[in-house]
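User: I'm new to this and would like a close look at one part, the place where the ligand sits. Could you walk me through it and then through the core beside it in your account?

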Amino acid sequence: MDSTRPSPIHRDDSALPEVFIYGGGKVGRGLARASRDAGLQVTLRPARDGLPAEPIEADLVILAVRDRDIGPCAEALRDRRLVGHRDAAVVHCAGALGPEALAAVRGRRVAVAQMHPMISFASPAFAPFLERGHLHIDGDPAAVRAARSLGVRLGMAPRTVTGLDRVAYHAAAGLVANGAAALAAAGVDLLERAGVERKTAAEMLGPLLRTVADNVEVLGVPDALTGPVRRGDAAGVARHLETLRRLAPHLVPFYVAAAATQLPLARALGEAPPDAFDAIQQVLDGT
Ligand SMILES: NC(=O)c1ccc[n+]([C@@H]2O[C@H](COP(=O)([O-])OP(=O)(O)OC[C@H]3O[C@@H](n4cnc5c(N)ncnc54)[C@H](OP(=O)(O)O)[C@@H]3O)[C@@H](O)[C@H]2O)c1
């Protein structure tokens, strides 16, 4: 190959923002790893080391600390004059908080914003795949620009939803991410009782969840639904419940709540006659 040929993807690296991440937890390390992989210059400082003594030389300062620490952290940045000596954006990653959480540090040269990745970061040692992940950004125009440019660089989808109810938004993200992890724990438990080794059970369910994620992203809902409820198979649902009562009675309420949530989706899809769904409702009512 001709090594003098320019790369087909030309990136103007001189325009890349310098990033400072405060907080070396799950999100801090995940964002640091992805940003470095994307060619950005990143400084990661664990919060347990405290804020630096010298002013922070960065264009984008990301506070990846726990929600309750964001306000005090902004106050400390202001009081110790760690930002404000140059133009910079300061953002936090909390889903339920807006840019006002950083009001203490906002100033003539400091723009602030929320920058929330709708991604599940479960371990500082394992960086999740960020591509196409939603990044909710809201705040001062300069901070929104800086966060958007990071998001684009990471292959994410930066969005600003005007008038967003942040607590409801965060509850939705938490319900799906943590509800799915809890469902997976229930699935591992049940697979073990069915005779599968615990480690194998997790290896089975991860790819299953990935296909659900793909179906949700590509097909949307209710089309992502599969299984006996969609098919209007009341006998199949009854068989599941009989087995659960015998093997894992503590999972019966979980199964019933999940099936009841599926019923209106299955009715909307209409792949069985309405009385088949009524029969499922009767099975669930009889538990
Ligand atoms: N996790 C997610 O999936 C997720 C997704 C989107 C947004 N967020 C948001 O991102 C922000 C950071 O969340 P996170 O999940 O990264 O939190 P985290 O893992 O708990 O880390 C946050 C901070 O907690 C500190 N910490 C961790 N373990 C500690 C311990 N045993 N004792 C004392 N301090 C400890 C870390 O200190 P060091 O810096 O010293 O390590 C870090 O600064 C939050 O605003 C959260 O709402 C999280």
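Analyst: Here is a walk through the ligand site, followed by the nonpolar cores.

This is a predicted model, where local features need pLDDT of at least 70, side-chain atom pairs count only at pLDDT 80 or more, and totals for chains, interfaces and linings use all residues. Residues are numbered from 1 along each chain as its sequence is written, and side-chain values use heavy atoms, with hydrogens and water left out.

Let's start with the ligand. It is surrounded by 19 residues, and the closest are Gly24, Val27, Ala47, Arg48 and Asp67; a residue is near the ligand if one of its heavy atoms lies within 4 Å of it. Sorted by class, this shell holds 10 nonpolar, five polar and four charged residues. Here Ala, Val, Leu, Ile, Met, Phe, Trp, Tyr, Cys and Pro count as nonpolar, Asp, Glu, Lys and Arg as charged, and the others, Gly among them, as polar.

Now for some polar contacts, meaning pairs of N or O atoms within 3.5 Å; within protein, one must be able to donate a hydrogen and the other to accept it, and residues adjacent in sequence count only if both atoms are side-chain atoms. A polar backbone atom of Gly24 is 2.6 Å from an oxygen atom of the ligand. For Arg66, an N or O atom in the side chain is 2.8 Å from a ligand oxygen atom. Phe121 has a backbone N or O atom 2.9 Å from an oxygen atom of the ligand. On its own the ligand exposes 870 Å², and the protein buries 74% of that (Shrake-Rupley method, 1.4 Å probe; for residues, only the protein chains shown count as cover). Two or more residues of the shell come from each of α1 and β5; helices (H or I, at least four residues) and strands (E, at least two) are DSSP runs, numbered from the N terminus.

α1 (26-37) and β5 (110-117) also turn up among the elements giving two or more residues to the largest nonpolar core. Such a core is a set of buried Ala, Val, Leu, Ile, Met, Phe, Trp, Tyr and Cys residues joined through side-chain atoms within 4.5 Å, where buried means under 20% relative accessible area, exposed over 50%, partly exposed in between (1.4 Å probe, protein chains only). Of its 30 residues, Ile21, Leu31, Leu60, Ile62, Met115 and Leu154 touch the most other members. Its largest share, five residues, comes from α3. Leaving aside neighbours within four places in sequence, Leu31 is in contact (heavy atoms within 4.5 Å) with residues including Met115 and Phe121.
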